Amino acid sequence: MLKINNLSVGILRNINLRVSKGECVAIVGQSGSGKTTLLNSIAGYLDYQGTITLDQQSIDKLAPWQRQCRYLNQRLYLFPHKTLSGNLHLANPKADREVQQRLLRQLNIAHLLDRYPNQLSGGEQQRAALARALIYPPDLLLLDEPFSSLDWATKQPIWVILKDLMQSYHMTTLLVTHDPKEADYLSHRQIRLHQGQLI
């Protein structure tokens, strides 16, 4: 479970939110309402006031790399000089090729294991970044409009795969999106941020 109490940072003021284990909550609202600020705070990229606990453990004093969460946004941050296998190895050195291929088969990109990011299409790169986020299954998955640059035909299959993976890993997820269909399909419930306040 994710608990946020009296979180204040940037435009955000006194945010209180609880997300159950395995629940996906979509965060919607206009640009500049604080959606990305909220995710950045949870990930540890911003200093904030208030408390954040994950699975009943405070993460307030943990550095970003110590927090058991993965953050995926439009910037995929795939290392261009590493193959897909190499990128997955950096995220989880204990995952051998068999483990990598098992995950990539779920994402329908197992045949791309030894290719470099510049050899992948936009949709394939998105799936590769998702695989890297999930190769060491996190307690919390933070998604900040990761599919907004993809066309409808590319988005839909990724939504189906992602929903299946979230359910199979029983993963707590926060999804920032401007797409009502994406929010409806992936989330259990939706919350709205308006000028830094939860509606």
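Which strand and helices each supply at least two residues of the lining of the largest pocket? In this predicted model, the elements that do so are strand E6 (69–73) together with the helices H2 and H4. The largest pocket holds about 560 Å³ of space, and 22 residues line it, with Tyr 45, Cys 69, Arg 70, Tyr 71 and Arg 132 lying nearest its centre. The greatest contribution to this lining comes from E6, which gives 5 residues. When the lining of the largest pocket is divided by class, 14 of its residues are nonpolar, 4 are polar and 4 are charged.

The two helices that contribute to the pocket lining also pack against each other. Two packed helices are described by the angle between their axes and the distance between the axes. For helix H2 (residues 84–91) and helix H4 (residues 122–134), the angle is about 25 degrees and the axes are 8 Å apart. Because angles under 35 degrees count as roughly parallel, H2 is described as roughly parallel to H4, and H2 passes H4 in a right-handed crossing. On the side of H2 the contact is made by Leu 84, Asn 87, Leu 88 and Ala 91, and on the side of H4 by Ala 128, Ala 131 and Arg 132. By class, 5 nonpolar residues, 1 polar residue and 1 charged residue take part in the contact of H2 with H4. Arg 132 thus appears both in this contact and among the residues nearest the centre of the largest pocket.

H4 packs in addition with helix H5 (residues 152–169), at an angle of about 10 degrees and with the axes 11 Å apart, and the two helices are therefore roughly parallel to each other. From H4, the residues Gly 123, Gln 126, Arg 127, Leu 130 and Leu 134 meet Thr 154, Pro 157, Ile 158, Ile 161, Leu 162, Leu 165 and Tyr 169 of H5. The contact of H4 with H5 comprises, by class, 8 nonpolar residues, 3 polar residues and 1 charged residue.

Backbone geometry was examined as well. Most residues other than glycine have a negative phi. Asn 14, which is not a glycine, nevertheless has a positive phi of about 50 degrees, and this residue lies within strand E2 (residues 12–19). A positive phi is also found at Gln 195, a residue other than glycine, where the value is near 50 degrees; Gln 195 is located in the loop between strand E9 (189–194) and strand E10 (197–198).

Key. Residues are numbered from 1 along each chain as its sequence is written. This is a predicted model: local features need pLDDT of at least 70, side-chain atom pairs count only at pLDDT 80 or more; totals for chains, interfaces and linings use all residues. Side-chain values use heavy atoms; hydrogens and water are left out. Axes are lines fitted to C-alpha atoms, for helices over the stretch in contact, and angles run from 0 to 180 degrees between N-to-C directions. Helices (H or I, at least four residues) and strands (E, at least two) are DSSP runs, numbered from the N terminus. Angles under 35 degrees count as roughly parallel, over 145 as roughly antiparallel, 65 to 115 as roughly perpendicular and the rest as oblique. A crossing is left-handed if the near helix is turned anticlockwise from the far one by less than a right angle, and right-handed if clockwise. Contact means heavy atoms within 4.5 Å. Ala, Val, Leu, Ile, Met, Phe, Trp, Tyr, Cys and Pro count as nonpolar, Asp, Glu, Lys and Arg as charged, and the others, Gly among them, as polar. On a 1 Å grid over the protein atoms alone, a cavity is a set of points where a 1.4 Å probe fits but cannot get out, and a pocket is an open set with protein on both sides within 12 Å along at least five of seven lines; lining residues have an atom within 4 Å of a point. Grid points are joined across faces, edges and corners, and a volume is the space filled by probe spheres set on the points.
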